[in-house]
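The questions below concern a ligand site and some charged pairs. Each one is answered by a short chain of reasoning.

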Amino acid sequence: MKETPNSRSATPHRIVVLGAGYAGLAAAAFAAGRTKRRDDVQITLVNAGVRFTERLRLHMTATGQQLADLDLRELLADTGVELVCGWVTAVDADARTVRVDDRRTLSYDTLIYGLGSVADTTTVAGVEEHAYTLDSARDAQSFAAHLDRLETGTVVIGGSGLTGVEAATEIAEQYPGLAVVLVGRGVPGAHLSTGAQAYLHTVLDRLGVGIISGVEIVKVLPDAVALAGGDTVAADVVLWTSGVRVSPIAAAAGLTVDDHGRIVTDHALRSVSHPDVYAVGDAASIVQGYGPMHGTCQGGMPTGVHAAVSILRELKGKEPKPFRFGYIHIPLSLGRSDAVVQFTKPDDTPRRMYLTGRRAVWYKETVTSSPWPTFMRMTKYPWTTAFWPHGGRYTRRSDKEMASDATYSGR
Ligand SMILES: Cc1cc2nc3c(=O)[nH]c(=O)nc-3n(C[C@H](O)[C@H](O)[C@H](O)COP(=O)(O)OP(=O)(O)OC[C@H]3O[C@@H](n4cnc5c(N)ncnc54)[C@H](O)[C@@H]3O)c2cc1C
């Protein structure tokens, strides 16, 4: 039973947020702003480092570009949020505790789980040993250092999804002496509209990016990638962007997870097995009227804000509202001087409208640079509200559907 804020209990309600990524930080910042002058809520944010990682720009870090230094301590100064810098090693969902660095235990009343995702390096042999990833600033910097050592040679990008395309174009632009090859199952930009896809391919062609699609990489070797069927593609360095996986911590904690290890949530983003755990961002399995959401910053930040709003509602004795989110765009950088922005329906299928060239570069930069000032505003101004597209009929679910996932299994 949660205490209401009005009861002014001696022990504050402890909210622990795991992960200061786009989703976790949105949750912590929003909750901090709204509870600024209250002493009945205590917020702790646990993150691997003291800096905010702009994942949306890691392909820039991977090509040696300097990003802004976004310090969580500055963001959270005077907010009352305790920042714990450390590695979460376990959650005990029954005892409501979190282990950090295997030596510190934090207790919570409500947990917001936002540990994100990383590239899946486990399903193809040799990826762990011979490929780089864009999982963290440090990983991207190691890759950049490798590129700097190459004067000529071939960079193979494993995976031709959006991250692969953004990385390939950035590398081709920054390192014109290197050959860049995108290798993957799908055609790059396959889910964009015909016009946007054609534009993307014109740019890939202009930048000299090679494309090998319709293939399966079965092994990464020290100097090549091996394809199903026996062919190999020579590589001086491999960047792996194919597939994502989440931390095993949620499953190990006994939280109900889906086939990918993401926490299964109810309509309000609470774990279906442990309703005192909210799951946000890439680590959450969230179903909308159009089907499961896929991991993006676009959808991740609203999940964080919704979790914060819902917890504050619960503390007032109110039921949280259902979470609804509809996509609006796919902004894709193609190096520093070109981009394509595909506008979408709420279910992420392409509309006819898209932007290219300078207007798209401006749009993409505006979107990419907006999270940090948004977090700042949330922490500073308690009256800040957050808007996101709710998706209309695309995201609507029947009471029956929502009731079925609100059945907390066994609790
Ligand atoms: C190169 C690249 C480009 C992208 N471009 C776009 C784009 O243009 N648009 C878009 O919408 N999405 C894009 N994405 C996807 C987007 O970055 C993710 O969907 C988003 O970051 C998910 O947010 P999150 O908060 O769930 O996780 P994250 O942002 O990954 O944050 C997770 C946080 O948890 C921390 N953490 C993880 N495990 C632990 C642990 N055990 N202990 C302590 N801390 C931990 C991490 O250090 C991190 O700070 C891109 C991704 C990449 C890699």
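A residue is called buried under 20% relative accessible area, exposed over 50%, and partly exposed in between. The model is predicted.

Q: Is D282 buried, partly exposed or exposed?
A: The relative accessible area of D282 is 21%. Buried would require a value under 20%, and exposed a value over 50%. D282 is therefore partly exposed.

Q: Which residue forms a salt bridge with D282?
A: D282 sits in the loop between β19 (277–279) and β20 (284–285). Its partner is in the loop between β2 and α2, 227 residues apart from D282. The closest approach, N to O, is 3.9 Å, and a salt bridge is counted within 4 Å. The partner is R55.

Q: How far is a backbone N or O atom of D282 from an oxygen atom of the ligand?
A: D282 is among the residues that come nearest to the ligand, together with N47, V88, C297 and K364. A backbone N or O atom of D282 is paired here with a ligand oxygen. The distance is 2.8 Å.

Q: Which side chains place a polar atom 2.8 Å from an oxygen atom of the ligand?
A: One such polar side-chain atom belongs to N47. An N or O atom in another side chain is also 2.8 Å from a ligand oxygen, and that side chain is K364. The two names are N47 and K364.

Q: How many residues of the shell around the ligand are charged?
A: The shell has 27 residues, and helices α1 (22–34), α6 (162–174) and α9 (297–315) each supply at least two of them. By class, 11 are nonpolar and 12 are polar. The charged residues number 4.

Q: Is T61 buried or exposed?
A: T61 lies in helix α2 (residues 58–61). Beyond its neighbours within four places in sequence, T61 contacts L67, A137, A140, Q141 and A144. Its relative accessibility is 7%, so T61 counts as buried.

Q: Which residue forms a salt bridge with E365?
A: E365 is in helix α10 (residues 357–369), and its partner, 308 residues apart, is in the loop between β2 and α2. The closest N and O atoms are 2.8 Å apart. E365 is partly exposed at 33%, whereas the partner is buried at 9%. That partner is R57.

Q: Which residue forms a salt bridge with D69?
A: D69 is exposed, at 52% relative accessible area. Its partner is partly exposed, at 40%. The closest N and O atoms of the pair are 2.4 Å apart, and the partner is R51.

Notes:
Residues are numbered from 1 along each chain as its sequence is written. This is a predicted model: local features need pLDDT of at least 70, side-chain atom pairs count only at pLDDT 80 or more; totals for chains, interfaces and linings use all residues. Side-chain values use heavy atoms; hydrogens and water are left out. A residue is near a molecule or strand if one of its heavy atoms lies within 4 Å of it. A polar contact is a pair of N or O atoms within 3.5 Å; within protein, one must be able to donate a hydrogen and the other to accept it, and residues adjacent in sequence count only if both atoms are side-chain atoms. Helices (H or I, at least four residues) and strands (E, at least two) are DSSP runs, numbered from the N terminus. Ala, Val, Leu, Ile, Met, Phe, Trp, Tyr, Cys and Pro count as nonpolar, Asp, Glu, Lys and Arg as charged, and the others, Gly among them, as polar. Buried means under 20% relative accessible area, exposed over 50%, partly exposed in between (1.4 Å probe, protein chains only). Contact means heavy atoms within 4.5 Å. A salt bridge is a side-chain nitrogen of Lys or Arg within 4 Å of a carboxyl oxygen of Asp or Glu.
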